[in-house]
Amino acid sequence: MSWFQLDSDSVVERARAAARPVEVPSLGASLRRGIVGFTLLSVAGFTPWAVAGRWLSRHLGEAGFYCVCAVVFIGLSGLLLHRLILGPGSLGRFYKLFGLAFSANAVGWMAGWMSLWGNTGSLVGLLAGTTAMGWILALAFDAKRAAPAAIAALFVLNTAGYFAGGWIEGAFLATNHLPLLGDSLSKAGQFVVVKLIWGLCYGAGFGAGLGIAFHLCQSQTRAKLLELEREQTS
C-alpha cells in the first residue's frame, strides 16, 4: 500500500480526472530537476550555518542548530522540487513525503555523526540517513523493488557531494585563503563563501540522487501515464 495516494493507480485516476496532459519526464529531466532544485535548496539550507553557525550552536546546541537547517530544507523543498512527483496535486504530497523522508535522513545523519564524529561518523550517518530516505520513498510509491537502487543512488551521490564540499573547506582551512576571491573579502567573509560552496556541492550530489530515486520509484506510474496519454490521443 502506498502513502499519500502516490501509487500508480491513484496518480492515473487524478490525471484522468484533470483531463489535461500530464508531463512524464525522462531520467535526464528528473536528474536536472533534482540537481537544480536541491542545489538552490541546499544553499538556502547551508546559509544558517555559514552566517550564524556559532551563534546557533551556542544558543541551541548542535542538535538544535541542525534542526534549524532541516526546517529550512523542508520549508522550501516543495516550491523547488514538488514536480519530481508525477501527476496533479504534487505540491502538498511532496511536502508530506519529503518532510518525513528528509527528517528521517537528518536523524540518521545526526546519529552517525554525533556518535562517531569525523569521516567515519559522516559515512555512517550518510548511509543511515539515505537508507531511511530510500525506503520511505519506495514505500510511499508502493515500489519496494526500487528501494535498493534508490538507496544506492542517494548514498553514492550524496556522499560524493558531501565530501567534495568538505575537501574544499579543508583546503581553505589549510591555506587560510580562497584564491579566486583574492583580497576582495575578509577571512571571515571567505569562510562564509566556502561554506556556501560546500552547500553547492552537497546540493548537486544529493539533488542528483533524489532525481534518480524519484524516477526509479515511479517507473510503474510513468508507464501507466504514458498508456493513458496514448488512450487520450487515439
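Me: Which helices each supply at least two residues of the lining of the largest cavity?

Reply: This model is predicted, so every value that follows is computed from it. Rolling a probe the size of a water molecule over the atoms shows where empty space is left. In this structure, H2 and H6 each supply at least two residues of the lining of the largest cavity. The residues that line the largest cavity are Pro25, Ser30, Arg33, Arg83, Leu84, Leu86, Phe214, His215, Gln218 and Arg222, and by class they divide into four nonpolar, three polar and three charged.

Me: How many cavities of 30 Å³ or more does a search of the whole structure find, and what is the volume of the largest cavity?

Reply: The search of the whole structure finds one cavity of 30 Å³ or more, and the volume of the largest cavity is about 60 Å³.

Me: I would like to turn to pockets. What is the volume of the largest pocket, and which residues are the closest to its centre?

Reply: The largest pocket has a volume of about 660 Å³. It is lined by 27 residues, and those closest to its centre are Phe46, Tyr66, Trp109, Tyr162 and Trp198.

Me: Which helices each supply at least two residues of that lining, and which one gives the most?

Reply: At least two residues of the lining of the largest pocket come from each of H2, helix H3 (90-116), helix H4 (118-140), helix H5 (147-175) and H6. The most come from H2, which gives 10 residues to this lining. When the lining of the largest pocket is sorted by class, there are 18 nonpolar, eight polar and one charged residues.

Me: How should I read the second largest pocket, and which elements give two or more residues to its lining?

Reply: The second largest pocket can be read in the same steps, beginning with its volume, which is about 230 Å³. Of the 13 residues that line it, Trp49, Ala50, Arg54, Phe191 and Lys195 are the closest to the centre. The elements that give two or more residues to the lining of the second largest pocket are H2 and H6, and H2 gives the most, with nine residues. The classes in this lining are nine nonpolar, two polar and two charged residues.

Me: H2 and H6 have come up more than once in the answers about linings. At what angle do H2 and H6 pack, and how far apart are their axes?

Reply: Helix H2 (residues 27-81) and helix H6 (residues 187-217) pack at an angle of about 130°, and their axes are 6 Å apart. That angle makes H2 oblique to H6. The crossing of these two helices is right-handed, and the residues of the contact of H2 with H6 divide into 19 nonpolar, 10 polar and one charged.

Me: Why is H3 described as roughly antiparallel to H4?

Reply: The step of reasoning rests on a cut-off, because an angle over 145 degrees counts as roughly antiparallel. H3 and H4 pack at an angle of about 160°, with their axes 7 Å apart, and that angle makes H3 roughly antiparallel to H4. H3 passes H4 in a right-handed crossing, while the contact of H3 with H4 has, by class, 17 nonpolar, 10 polar and no charged residues.

Me: What can the backbone angle phi tell me about Trp117, and where is this residue placed?

Reply: Most residues other than glycine have a negative phi, and most peptide bonds are trans. Phi of Trp117, however, is near 60°, a positive value in a residue other than glycine. Trp117 is placed in the loop between H3 and H4. With a relative accessibility of 40%, Trp117 counts as partly exposed, because partly exposed covers the range between buried, under 20%, and exposed, over 50%.

Me: What is the phi of Gln5, and where is Gln5 found?

Reply: Gln5 has a phi near 55°, which is again a positive value in a residue other than glycine. Gln5 is found in the segment before helix H1 (8-18), and at 48% relative accessibility it counts as partly exposed.

Me: Finally, where is Leu127 placed, and what separates its C-alpha atom from that of Val156?

Reply: Leu127 has its place in helix H4, and with a relative accessible area of 42% Leu127 is partly exposed. Leu127 and Val156 are 29 residues apart along the chain, and their C-alpha atoms are separated by 9.0 Å.

Methods:
Residues are numbered from 1 along each chain as its sequence is written. This is a predicted model: local features need pLDDT of at least 70, side-chain atom pairs count only at pLDDT 80 or more; totals for chains, interfaces and linings use all residues. Side-chain values use heavy atoms; hydrogens and water are left out. Axes are lines fitted to C-alpha atoms, for helices over the stretch in contact, and angles run from 0 to 180 degrees between N-to-C directions. Helices (H or I, at least four residues) and strands (E, at least two) are DSSP runs, numbered from the N terminus. Angles under 35 degrees count as roughly parallel, over 145 as roughly antiparallel, 65 to 115 as roughly perpendicular and the rest as oblique. A crossing is left-handed if the near helix is turned anticlockwise from the far one by less than a right angle, and right-handed if clockwise. Ala, Val, Leu, Ile, Met, Phe, Trp, Tyr, Cys and Pro count as nonpolar, Asp, Glu, Lys and Arg as charged, and the others, Gly among them, as polar. On a 1 Å grid over the protein atoms alone, a cavity is a set of points where a 1.4 Å probe fits but cannot get out, and a pocket is an open set with protein on both sides within 12 Å along at least five of seven lines; lining residues have an atom within 4 Å of a point. Grid points are joined across faces, edges and corners, and a volume is the space filled by probe spheres set on the points. Buried means under 20% relative accessible area, exposed over 50%, partly exposed in between (1.4 Å probe, protein chains only).
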